[in-house]
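Please open the structure in your viewer and keep the sequence beside it, because a tour works best when each selection is made by hand. We will go from one selection to the next, and at each stop the text says what is there.

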Amino acid sequence: MSRVLIAGAGVTGLITAVRCARAGHRVTLLDRGPIPNPAAGSFDQHRAVRALAPGDPAATRAAAALHRHWLRLQALLGGEFYRRIGVVTAWPADLVDAAFEVAARAELPLALLPPKALPHIVLPDRHLGIHEPEAGVLLAERVLHAAGRWLRAHPAVTLRPWCTVVGVDADAGRLTLHDGTDLGGDLVLLATGAWTRDLVEAPTVLHRQTTVYLRPPAELSEWWEQAPSAGRIGADGTGWLMPPGAGTLLKLSSSELCRPVDTFAETDDTRAIARQYVDRILTEPHRYRIAAVKQCHYSVDAVTGGAALAQPGPAVWARAATGGDGFRTAPLVADHIVELAAAAGLAA
Ligand SMILES: Cc1cc2nc3c(=O)[nH]c(=O)nc-3n(C[C@H](O)[C@H](O)[C@H](O)COP(=O)(O)OP(=O)(O)OC[C@H]3O[C@@H](n4cnc5c(N)ncnc54)[C@H](O)[C@@H]3O)c2cc1C
């Protein structure tokens with residue numbers, strides 16, 4: 001049985017640990033905080049799972065398979081964490097046919113929503129809502145807790161919360177911990193999110209996103225309970241929202257509220273700016289109460305702007321660039337790590 005050592009218990013580390021344990025490896029998963037850690041980039045109410053990629057049938061087809069991945073994970077890990085409520089994306093009217101063509105080639109069901117179907121959400125002028133009914137929202141915190149529970153019960157898995165990695169010997173495949181001890185594995189994965197660049201050389205750009213959590217008025221709660229998630233919305237088409245439901249608040253943000261920053265410590269006054277976005281995205285913004293405004297970080301590859309898996313040493317891999325879609329794609333990283341272990345001849 002080979003030893004897989006994973007640092008970081010966000011969605012990447014947890015789902016990879018599950019996948020490796022199922023493939024027959026002995027797994028150690030550690031985190032500098034509790035498992036799961038509320039300070040992880042993954043720890044939030046929701047993350048969207050949608051597939052339609054403009055102009056790219058291959059990416060659309062690959063992303064559509066993620067729906068099935070997450071349904072299988074839900075069945076394995078237990079709990080209800082995948083709300084398949086659909087995702088609506090606002091498209092310029094003259095590009096709608098092209099979107100349907102991409103979807104048809106990827107065998108992805110789509111439907112056009114009549115303008116009156118979303119009375120509480122602002123769509124940009126001359127845009128139509130395209131509904132992806134198989135898409136939905138992952139209740140992110142529930143995913144992390146379900147994976148943590150499953151791992152805790154698995155005889156080949158060791159969870160080590162409150163273990164901070166302070167050094168990496170990439171050639172030897174060993175991690176130095178805060179107490180001076182070190183740990184090794186036949187395969188080591190650094191799934192330490194946006195903080196990975198403190199541990200290994202990784203050309204990434206840190207992004208900070210501001211999100212706003214709202215309580216809808218009681219009279220609209222029934223409508224919001226059945227509402228889909230929505231993207232490219234608001235007057236300027238930069239907004240997105242996750243509807244409330246299953247105990248969560250209405251959450252919204254905008255690509256304009258996401259910016260590159262140099263450090264986690266930078267502060268800025270985003271509450272007023274966030275309020276402006278509520279006004280642009282919801283049709284009657286004054287009826288909603290802001291419950292919280294939160295800052296959250298993720299990292300992207302400095303060259304591609306997307307996610308990347310680097311290999312700092314012969315047996316060490318690093319998910320330093322998690323990307324803006326790093327939650328929904330975590331099962332693909334997990335599959336890839338198991339393939340790498342097999343290719344390296346690691347016995348299950
Ligand atoms: C506002 C926002 C919205 C997003 N929306 C979506 C979406 O809708 N769909 C989607 O797919 N993705 C989305 N993303 C991106 C996604 O959330 C991230 O890409 C993903 O959660 C990253 O997960 P991770 O496990 O790689 O890293 P993280 O979740 O950040 O986990 C890293 C873990 O490593 C631990 N750690 C760090 N340093 C050390 C150390 N030295 N020693 C030990 N442990 C350490 C941390 O405590 C943490 O638990 C969004 C991101 C943000 C910020």
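The stops below move from the ligand to the core, and then to two groups of strands. Keep in mind throughout that this is a predicted model.

**The ligand and its shell.** Select the ligand first, and then the residues around it, of which there are 38, with Gly8, Gly10, Gly41, Gly193 and Gly326 coming nearest. If you colour this shell by class, you should find 14 nonpolar, 18 polar and six charged residues. Helix 1 (11–22), strand 3 (46–49), strand 14 (204–215) and strand 19 (289–301) each supply at least two residues of the shell.

**Val11.** Stay with helix 1 and select Val11, which is found in this helix. Is Val11 buried or exposed? Since 30 other C-beta atoms lie within 10 Å, and 20 or more are enough to count, Val11 is buried. Leaving aside residues up to four places away in sequence, Val11 touches Ser42, Val143, Leu144, Phe327 and Ala330. Now add Ala191, which is 180 residues from Val11 along the chain, although the C-alpha atoms of the two are separated by 8.7 Å.

**The largest nonpolar core.** In soluble globular proteins, nonpolar side chains tend to be buried together. Here the largest nonpolar core has 95 residues, and those touching the most other members are Ile6, Leu14, Ala17, Leu138, Val143, Ala147 and Ile233. Helix 4 (residues 140–152) gives the most to this core, with seven residues. Select Leu138 next and look for its contacts beyond four places in sequence, which are His46, Arg47, Val49, Trp70, Phe81, Tyr82, Val143 and Phe327.

**Strand 5 and its partners.** Select residues 87–92, which form strand 5; five of these six residues are buried, so the strand is largely enclosed by the rest of the structure. Strand 5 pairs with strand 7 (residues 127–132) in the antiparallel sense over six bridges, and within this pair Thr89 stands opposite Ile130. Strand 5 also runs parallel to strand 15 (residues 229–233), to which three bridges join it, and here Val87 stands opposite Ser229.

**A three-stranded sheet.** Finally, select strands 10, 11 and 12, which form an open antiparallel sheet in that order. Strand 10 (165–169) and strand 12 (182–184) stand at the edges with a single partner strand each, so one side of each is left without a neighbour in the sheet. Neighbouring strands of this sheet are turned by 25° against each other on average, direction ignored. Between strand 10 and strand 11 (residues 174–177) there are four bridges, and Gly167 stands opposite Thr176 in strand 11.

Notes: Residues numbered from 1 in each chain as written. Predicted model: local features only at pLDDT ≥ 70, side-chain atom pairs only at ≥ 80, totals over all residues. Near = placed C-beta within 6 Å. Nonpolar A, V, L, I, M, F, W, Y, C, P; charged D, E, K, R; others polar. Core = buried A, V, L, I, M, F, W, Y, C linked by C-beta atoms within 7 Å. Buried ≥ 20, exposed ≤ 12 C-beta atoms within 10 Å, placed from the backbone. Contact = placed C-beta atoms within 7 Å. Pairing = 2+ DSSP bridges. Axes fitted to C-alpha atoms, helices over the stretch in contact; angles between N-to-C directions.
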